Amino acid sequence: MAFPLKRLASIRTLSSVSGLVCSKSLTSKVENLLAPRPHCYSIGQKASKHSSSEPGTTEHLECALNSRLEIGGEDDHQDYRRWGNGGGTFHKSASIDPSAFVEVGAVVHSECAVGADCRVGSGAVIGPTVTIGQSTKIGYNVALTNCMVGDFCIIHSGVCIGQDGFGFFVDEQGNMVKKPQTLKVRIENHVEIGANTCIDRGSWRDTVVGEHTKIDNLVQIGHNVVIGRSCLICGQVGIAGSVTIGDYVTLGGRVGIRDHVNIASKVRLAANSCVTKDIREPGDYGGFPAIPIRDWRRQIAAHRQNLR
């Protein structure tokens, strides 16, 4: 037994072997990091398109991202800067009020205007020529393009505003062709838009959301839609293109409105209703297709009696 015990004593333990492997791996990583590389510069060197490093010059870890922002060429990031109030990224042609807070990870593109006391959350992308009014709050991962946002608005996380609407036609060869979507979205003052809501840009007129209107989560608003002031739109509502909605309209959850429909002011639609034609008189409506609420209730009562 003496010989086997002596042999076992000479074998490294699992922890010592793993430590040796980790130390060798870490050493190789450090050696690779410190190895001389062409076109790298130290912290003290100024990054430029034509700069070249001397043999033995190393690249600092924090320099990698900064150099990509400063060098031109393929990445074309030379016109972007880091915003001091929050650490986000902005284009040098953007106009941002000094009091605006742009969080790390947010990007403000060229020729944008961001008003006083705005807050832009991480992951938000403010596309070219977008205008945001004062004291407006933009949540995380919001995408704004081709739009103008008013003062004192709240846009929650995941909202997409200003993308192309769903418009196609069949040409003479039978191919599906996209209709041009070239206009904008106008969000007026004191509007609140819930998470993951989508509002399409206009094709023949701007898409408009009137002031003091409140929109719930997961709402789809199509191109050319005009919504009046002080409307209330609940979750999962779908509004097709070119709909016109008056003031003080309430849409219950999962209401659907077909395209080119006009809805008068002070109309309330019950949940799960579907509007297939114009509603010209104020009042309460419900059903599929939507009719005055009293007629809809009578239909439901008659249907129950027939089932009995």
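Which residues form a nonpolar patch on the surface, and about how much accessible area do they have together? Select Phe166, Phe168, Val170 and Met176: that is the patch, and together they come to about 490 Å² of accessible area. Keep in mind throughout that you are looking at a predicted model.

Stay on Phe168 for a moment. It sits in strand β15, which covers residues 168–170. Its relative accessibility is 36%, so Phe168 counts as partly exposed, the class between under 20% and over 50%.

**Zoom out**

Now show the whole chain as a cartoon. You should find four helices and 33 strands. Of the 308 residues in the protein, 34% are buried. Switch on the surface and you have about 18000 Å² of accessible area, with 55% of that belonging to carbon and sulfur atoms. As for contacts between residues at least 6 apart in sequence, 13% of them join residues at least 24 apart.

**The nine-strand sheet**

Next, colour β3, β6, β9, β12, β17, β20, β23, β26 and β29. In the order β3-β6-β9-β12-β17-β20-β23-β26-β29, these make an open sheet of nine strands with parallel pairing. Look at the edges, where you'll find β3 (95–96) and β29 (262–263); each has a single partner strand, so one side of each has no neighbour in the sheet.

Then move along to β12 and β17. These two run parallel and are joined by three bridges. To see a bridge pair, pick Val149 and look across to β17: the partner is Ile187.

**Into the core**

Hide the surface and select Leu144 and Ile239. In the largest nonpolar core, which has 55 residues, these two touch the most other members. Add β12 (147–149), β17 (185–187) and β30 (267–269) to your selection, as each supplies at least two residues of this core. As a general backdrop, nonpolar side chains in soluble globular proteins tend to be buried together.

What surrounds Leu144, leaving aside its neighbours within four places in sequence? Show Val125, Ile126, Gly127, Val130, Ile132, Ile138, Val149, Ile155 and Ile161, which are its contacts. Val149 may look familiar: it is the bridge partner of Ile187.

**Last stop: Glu103**

Finally, go to the loop between β4 (101–102) and β5 (107–108), where you'll find Glu103. Is Glu103 buried or exposed? At 12% relative accessibility, Glu103 counts as buried. Setting aside neighbours within four places in sequence, Glu103 is in contact with Gly86, Gly87, Gly88, Arg119, Val120, Gly121, Ser122 and Tyr140.

Conventions. Residues numbered from 1 in each chain as written. Predicted model: local features only at pLDDT ≥ 70, side-chain atom pairs only at ≥ 80, totals over all residues. Heavy atoms only, no water. Core = buried A, V, L, I, M, F, W, Y, C linked by side-chain atoms within 4.5 Å. Buried < 20%, exposed > 50% of the residue type's maximum accessible area, 1.4 Å probe, protein only. Contact = heavy atoms within 4.5 Å. Pairing = 2+ DSSP bridges. Patch = residues over 30% accessible without salt bridge, like charges linked within 9 Å, V, L, I, M, F, W, Y side chains within 5 Å. Areas by Shrake-Rupley, 256 points an atom, 1.4 Å probe, with all protein chains shown as cover. Salt bridge = Lys/Arg side-chain N within 4 Å of Asp/Glu carboxyl O.
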